[in-house]
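Trainee: I would like a close look at one single part, starting from one residue and working outwards to what surrounds it. Please give the cut-off behind each term as it comes up.

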Amino acid sequence: MTKKNDFKIGQCKLCLKDDTTLVDSHIIPDFVFRWLKKNSFNRYLRTSIVPNKRAQGGITEKLLCEKCDNVTFGGELEAPFADTIFNPILLKQKDSEPFIYDKVLLRFCVSVLWRVLIFGIEDAKKTKGLTVNLDTIILGMEDLANQWREYLVDNQSSWTGLNVYFLRFGGAGLDPRDIGPGMHTYSQLTIDMGSFVDPYMWEPKIYAKLGPFVTFIPITDYYLPLWEKEGISSLNENGGLLSFKGRKLPEHFKLFMQQRSDSSSGMFQRMSDIQKSKILKIKNENLIEYEQSDEYLLAIKDIQEINLHDQS
Ligand SMILES: [Zn+2]
């Protein structure tokens, strides 16, 4: 969704149209933040991206022209995903597994991850000069972004990239307790994203977390057999059936999720005092509602599990 009166003139990163009005587009789609806002007393805490600034309504960047933002992504991918998967599952209308998906899902996932990747490239360029290999890494990321862009601008094209994964936590799906103690809040509420391209850490991947849904594309095929071994398949571009019942996450991915969870719970510490006191004020003013919220219940489960784990 585009905010009015906030634009600049430049080249659209998707259709490559020059001298066009670039609108403020969300990296993680807006409806995810709207869902979080409804379900969380403190959406800052549950967002693992940029502590104080901009995280309230999601991170936006002036990347796209109005048509690409509102029609190509918004109307053709985000709205159908929100209407047929995200909202029905989270409103528990469609909690039972497995669920059927159509060709929109893979395109939607790529569209989000492409934005995450573009954001990661911009970020890497700002830190240029710190690491010797960064130039090569940036070139590789730009190559990847361009391949994904070509797929996204042509809705007749086939996906030629590596596996696209889409996972769902909680419900009848992957159990947060299977990841480790204290993973309820991160696995079910947190919004997170990042380009993890360091080949010495975890599985290099472009990653986005939309509440209880995770989507990512590995950028090396080295770990793919580990997913296969657990019976977790990647998305089929024409659609299919998805089920996580009885599935287990590969060990390397559990570790990755735990590290992301740790860094998101460290968020509160990194916030400004003003931000912290605002959050505490909201909670205190709405104490009864807060104690009945999912956010509170998940936090309690996390604390109990961590305590149990520490005692054993
Ligand atoms: Zn465009």
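Mentor: Let us start with T21, which lies in strand β2; strands here are DSSP runs of E with at least two residues, helices are runs of H or I with at least four, and both are numbered from the N terminus. The model is a predicted one, in which local features need pLDDT of at least 70 and side-chain atom pairs count only at pLDDT 80 or more, while totals for chains, interfaces and linings use all residues. Residues are numbered from 1 along each chain as its sequence is written, and side-chain values use heavy atoms, with hydrogens and water left out.

T21 is partly exposed, at a relative accessible area of 33%, where buried means under 20%, exposed over 50% and partly exposed in between, computed with a 1.4 Å probe on protein chains only. Strand β2 itself, residues 20–26, is mostly covered, since 6 of its 7 residues are buried. In space, T21 has its C-alpha atom 6.5 Å from that of G10, although 11 residues separate the two in sequence.

The loop between β1 (7–10) and β2 holds L16, and D19 has its place in that loop between β1 and β2 as well. Neither is a glycine, yet L16 has a positive phi of about 65° and D19 has one of about 45°. Their exposure can be stated too: L16 counts as partly exposed at 37% relative accessibility, whereas D19 counts as exposed at 68%. On its other side in the argument, β2 has a partner, for it pairs with strand β3 (residues 60–65) in the antiparallel sense over 5 bridges, pairing being accepted if DSSP finds at least two bridges between two strands. Within this pair, H26 stands opposite T60 in β3.

What of the cysteines? C12 is buried at a relative accessible area of 0%, and C65 is buried at 6%. A search of the whole structure finds 0 disulfides, a disulfide being a pair of cysteine sulfur atoms within 2.5 Å.

From here we can move on to another sheet, an open one of 4 strands in the order β5-β8-β7-β6 with antiparallel pairing. Its edge strands, each pairing on one side only, are β5 (165–168) and β6 (191–196). Neighbouring strands of this sheet are turned by 10° against each other on average, direction ignored; the axes are lines fitted to C-alpha atoms, for helices over the stretch in contact, and angles run from 0 to 180 degrees between N-to-C directions. Helix α2 (residues 66–90) packs on this sheet, where it touches β5, β7 (205–210) and β8, and its direction makes about 130° with that of β8; contact means heavy atoms within 4.5 Å.

Within the sheet, β5 pairs with β8 (residues 213–218) in the antiparallel sense over 4 bridges, and Y165 has F216 of β8 as its bridge partner. In a regular strand the side chains alternate between the two faces of the sheet. In β5, Y165 and L167 point one way while F166 and R168 point the other way, and all of them are buried.

Helix α2 deserves its own comment, as it spans only 29 Å between its end C-alpha atoms, where a straight helix of 25 residues would span 36 Å; the expected span is 1.5 Å times one less than the number of residues. The helix bends by about 55° at G74, the bend being the angle between axes fitted to the seven residues ending at a residue and the seven starting there. Just after α2, K92 takes a positive phi of about 65°.

For the wider setting, the secondary structure of the protein comes to 12 helices and 9 strands, and buried residues make up 50% of its 312 residues. Among contacts between residues at least 6 apart in sequence, 71% join residues at least 24 apart.
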